[in-house]
Amino acid sequence: MSGSGFAYTNLFARSLPAPALRFAGYPKYNFIGGHNDPTLIPVDGLIAAATAALRKEGPKLAMYTAAQGAQGYLGLREFVKSKARRRGIDCSTDDILITAGSGQGIDLVNAVLLEPGDTVILEEFSYQGAINKLKRDGQKIVAAPLDEDGIKVDALGEILGRLKRDGTTPKYIYTIPTVQNPTGSIMPLARRRQLIAVAQEYGVPIFEDECYADLIWGGREVPPALYSLDPQHVVHIGSFSKTLAPALRLGYAIADWDFMSRMIACRSDSGCGALEQMVVAEYFSQHFGEHVDELSETLKGKLDTMVEALEREFGTAVEPWIPKGGIFLWMKLPDQVDIMKLVQPAAAAGIALNPGPEWSVEAAPARSRLRLCFALASKEEIRAGVAEFARVCYEQTGIPVRSANVQRARAGE
Ligand SMILES: Cc1ncc(COP(=O)(O)O)c(C=O)c1O
């Protein structure tokens, strides 16, 4: 409501963030955020799981946290414990905290460790939500360079050495080693060991975000989680947003008790919805493997469709980083394209995209980059949306140049 006449603005806290924008619905070609494939929400399975869970545990809803304590519903923590074993993690249910998405995990780790002005290290391209929270709260972010295997550990060592000479110990190294957001890379085991070694050498903890680690193509062998290599030195978070549904708002953190007990103390809500936790525990304890296998296969098919569409529409003007899993494709257009200038014209044509500078610690290296989510749109929408984006891009920048090859490819010859 507006125009009530009451001047709240006179009372607002000085540290208040900028006002939120009203939700204006979703565009026709929605390639932003971390939405999932709506055809793969296992609705019947969830109905059966909800019925079974309510029959078994329904009366517990009378009590806060369903009488299971601040760390979350035990059945879901037991499932996370068994799922974590797939990542090489050997933990107990006491090491697990169920969170409102992994976004709350990030908030809680930040609450335990950070004060305004602290320094943290992030991968040069990283999750926008993590970057924004840190910028909003006045932390100094130092960017560590990436290659196709993730964070470059020798460059990280140089950064840590330089900071040490300046008298600064970073509060953490935030990394997404298994299906990096936005690049989609998976860090090999040897590099994981080097990363742990350099973090140990400089006494800096690692904050490992594994949102996408269960969505990997083609039975690929995935190296174990960093947490499994050094549980005392690593705090690990994960999510059910990508493996099941982001609207559930369920994630988890794994940490040893010294850290865990502080995270729990920083929490100011009364826990996550117990019904959601019961349903996910019930459904995934029986169907996790088959569900993520089917989802990953579908996602790989959509990725292939998006890559084909980009090659058809943009020819060699686009350089995609082909992801090894997950839901995003990160790519680069020629240097003369300023992607921020394409956001509005694309939106006017019904296309939502994530411009690279918003996924980058420093804007300049991502000036011509963008991220497209291929999970939500159908294959037809992916083809049509990419064609529409190429049209907008051409009108605004003259790229992609309409060479004979591109014309022929567009005509399907
Ligand atoms: C790397 C990463 N971490 C955390 C999140 C937060 O997701 P959620 O709170 O839905 O688990 C996201 C969402 O896209 C992400 O990409």
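**Helix packing and sheet architecture in the predicted model**

Helix α9 crosses α11 in a right-handed sense. In this predicted model, the axes of α9 and helix α11 (residues 379-397) lie 9 Å apart and form an angle of about 25°. Because angles under 35 degrees count as roughly parallel, α9 and α11 are therefore roughly parallel to each other. On the α9 side, the contact is formed by K302, T305, M306, A309, L310, E313 and F314, and on the α11 side by K379, I382, R383, V386, A387 and A390. By class, the residues of this contact between α9 and α11 comprise eight nonpolar, one polar and four charged.

Helix α9 (residues 274-314) also packs against helix α1 (residues 43-57), the two axes coming within 8 Å and crossing at roughly 120°. This angle makes α1 oblique to α9. The crossing of α1 and α9 is right-handed. Residues G45, L46, A49, A50, A52, A53 and E57 of α1 meet M278, V279, E282, Y283 and H287 of α9. The contact of α1 with α9 consists of eight nonpolar, two polar and two charged residues.

A further partner of α9 is α2, with axes that come within 8 Å and cross at roughly 35°. Here the crossing of α2 past α9 is left-handed. From α2, the contact involves G75, L76, F79 and K83, and from α9 it involves Q277, M278, V280, A281, F284, S285 and F288. The residues of the contact of α2 with α9 fall into seven nonpolar, three polar and one charged. M278 of α9 thus appears in the contact with α1 and in the contact with α2.

Helix α9 is also associated with a sheet. Four strands, in the order β11-β12-β15-β14, make up an open sheet with antiparallel pairing. Its edges are formed by β11 (319-321) and β14 (354-355), each of which pairs on one side only. Strand β11 runs antiparallel to strand β12 (residues 328-332) and is joined to β12 by three bridges. Within this pair, W321 stands opposite W330 of β12. Helix α9 lies across β11, β12 and β15 (369-373), and its direction is at about 20° to that of β12.

A second open sheet contains seven strands in the order β2-β10-β9-β8-β7-β3-β4, and its pairing is mixed. The edge positions are occupied by β2 (96-99) and β4 (140-144), each with a single partner strand, so one side of each is left without a neighbour in the sheet. On average, neighbouring strands of this sheet are turned by 20° against each other, direction ignored. Strand β7 (residues 173-175) and strand β8 (residues 206-209) run parallel and are joined by three bridges. T175 has E208 in β8 as its bridge partner. Helix α3 packs on this sheet, where it touches β2, β8, β9 (234-239) and β10 (251-254), and the direction of α3 makes about 155° with that of β9.

Helix α3 (residues 101-113) also contributes to the surroundings of the ligand, supplying three residues, the largest share of the shell. The ligand is surrounded by 14 residues, of which G34, G101, G103, S239 and S241 come nearest. In terms of class, the shell around the ligand contains four nonpolar, nine polar and one charged residues.

Several local backbone features occur in loops. The peptide bond from N181 to P182 is cis, with omega near 20°, and P182 is located in the loop between β7 and α6 (189-202). A cis peptide bond is also present from I399 to P400, with omega near 5°. P400 belongs to the loop between α11 and α12 (404-410). A66, a residue other than glycine, has a positive phi near 50°. A66 is placed in the loop between α1 and α2 (74-85).

Terms used
Residues numbered from 1 in each chain as written. Predicted model: local features only at pLDDT ≥ 70, side-chain atom pairs only at ≥ 80, totals over all residues. Axes fitted to C-alpha atoms, helices over the stretch in contact; angles between N-to-C directions. Helix = DSSP H or I, 4+ residues; strand = E, 2+ residues; numbered from the N terminus. Parallel < 35°, antiparallel > 145°, perpendicular 65-115°, else oblique. Left-handed = near helix turned anticlockwise from the far one by under 90°. Contact = placed C-beta atoms within 7 Å. Nonpolar A, V, L, I, M, F, W, Y, C, P; charged D, E, K, R; others polar. Pairing = 2+ DSSP bridges. Near = placed C-beta within 6 Å.
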